[in-house]
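Let's take a walk through a protein together, from its overall build to the empty spaces in it. Have a look at the model first, and then read on.

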Amino acid sequence: MTFSAFELNDWQQFDSIKMDLSAPVTIITGTNGSGKTTLVSLLSSQFGARFVSHATPMVSDDGEVSYTSGFWGHVGGFLSRLFDKPDPNIVGTIKFEDGNETKLKTPNNVSAQYIMEYLPRRPVPGIFLPSHRPSFLYQKVSNINTGNKKSRNEAYHEFNNKVSQPAQTGGYIGLEIKTTLLKWLIDGSGVKQGDHWARPRHAESENNYIGFMNLLRNFLPPTVGFDRFEFKDDELVFVCKDGRDQFLLETASGGVTTLISLAWLLYNFSQDNPSFTLIVDEIEHHLHPSLQREILGMIHRSFPKVKIIVTTHSPLVVNSVENAKVYALRPNERDRIEVLELPLKDKLATANRILDDVLGVGAPYPIWAERKIDSILSRYLEQPFNQDVAQKLQIELENEGVGELMHAALGKWLDAQNQ
């Protein structure tokens, strides 16, 4: 079971949010503070994660302090629900593919923190990666448990427990991957003494080891050229480009380790859950622009039955999947957050235009360059525009080192004439 739709109304900074989650890939974008993390956290709570909401302190005229869970501070929204709905504390609905739904309810009395109620909570198989993810830290493999064999499901829970911990509380990762792969290699190889097996081979462990190695060959970018694993002095070595390049897990770049950890979670979780939902907050973290363009496609190709929901600030992620549903969170005329589904023409837009139109970045070039252009243009705005003026403008821009932005200057000039 997975999600099909999500609605949120008159709660916290949100006005009215309605999203169709039936597509294989859903991308949510918007500026900082627009509520991307809040939305995916509410959804991921159906995986069993515990999401804590924060209330706003309110001080009355007589100095008493109380807290509002969001909608009480928006009288118009509250009154409309008070008369239109039997329970004004219901602020949202999660709908599922099987036709069932869960209501999101805020408690009447809250403190600085409170837990949203889910009526009822419906367990959904899925993985949630928060935006603040722990770092890889070198730790030497000190021992291998020679007892029970380790399943992929056990490997997932061991690693996911660490991923959900912030780094400052000791949530460093890496050792779990090395230890598990070494155990799978040893158990899968067995020990032969003479003509008999002193320690029989464990076929499942061998398949797990080979399966993850095969996944990385398709999951890591061609520039890495990953070939195989090798263990040297119990150190996991990634052998790449026919042995011309080799590196330890912890010495890989941030982008490569991000892909390895994501592949590890997906690979192990998928053993018992062939169809599930992956939610990643700010998926572009540590990824080179070329990988930002490819990451969603790589996940979808490797795990075609997985539904993907991500948030991002990257325009390269926004337009990376043709059949994705893309939603932009933006303030309306009442300065409340609403959602806008981007049509195909906006998904086909250049990264620069997405930065400007969707993310509100403004000019997609350095601010010092924009100031130079504005200063130069101020001397031309009252002149009739012709070839001679254009040549003079081009020369001035080049003398100031911003000649390559002539197209931007012309766009600004046309905007000024149309106002």
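**Surface, fold and hollows**

The accessible surface of the chain comes to about 20,800 Å², and 50% of this belongs to carbon and sulfur atoms. Keep in mind that you are looking at a predicted model. Of the chain's 419 residues, 47% count as buried. Its secondary structure consists of 13 helices and 20 strands. If you take the contacts between residues at least 6 apart in sequence, 63% of them join residues at least 24 apart.

Now for the empty spaces. Rolling a probe the size of a water molecule over the atoms shows where empty space is left.

Let's begin with the closed kind. There is one cavity of 30 Å³ or more, and the largest cavity has a volume of about 60 Å³. Its lining includes Leu129, Arg133, Thr258 and Ile295. Helix α6, residues 254-269, gives the largest share of this lining, with three residues. Sorted by class, the lining has seven nonpolar residues, one polar and one charged.

Next come the open pockets. The largest pocket has a volume of about 610 Å³. Among its 26 lining residues, Ala49, Phe128, Pro130, Asn160 and Ser164 lie nearest the centre. Helix α3 supplies the largest share, five residues, and the lining as a whole has twelve nonpolar, twelve polar and two charged residues.

The second largest pocket has a volume of about 250 Å³. Of its 16 lining residues, Arg133, Pro134, Ser135, Thr258 and His286 are the closest to its centre. Here α6 provides the largest share of the lining, six residues.

How values were computed
Residues are numbered from 1 along each chain as its sequence is written. This is a predicted model: local features need pLDDT of at least 70, side-chain atom pairs count only at pLDDT 80 or more; totals for chains, interfaces and linings use all residues. Side-chain values use heavy atoms; hydrogens and water are left out. Helices (H or I, at least four residues) and strands (E, at least two) are DSSP runs, numbered from the N terminus. Buried means under 20% relative accessible area, exposed over 50%, partly exposed in between (1.4 Å probe, protein chains only). Contact means heavy atoms within 4.5 Å. Accessible areas come from the Shrake-Rupley method with a 1.4 Å probe; for residues, only the protein chains shown count as cover. On a 1 Å grid over the protein atoms alone, a cavity is a set of points where a 1.4 Å probe fits but cannot get out, and a pocket is an open set with protein on both sides within 12 Å along at least five of seven lines; lining residues have an atom within 4 Å of a point. Grid points are joined across faces, edges and corners, and a volume is the space filled by probe spheres set on the points. Ala, Val, Leu, Ile, Met, Phe, Trp, Tyr, Cys and Pro count as nonpolar, Asp, Glu, Lys and Arg as charged, and the others, Gly among them, as polar.
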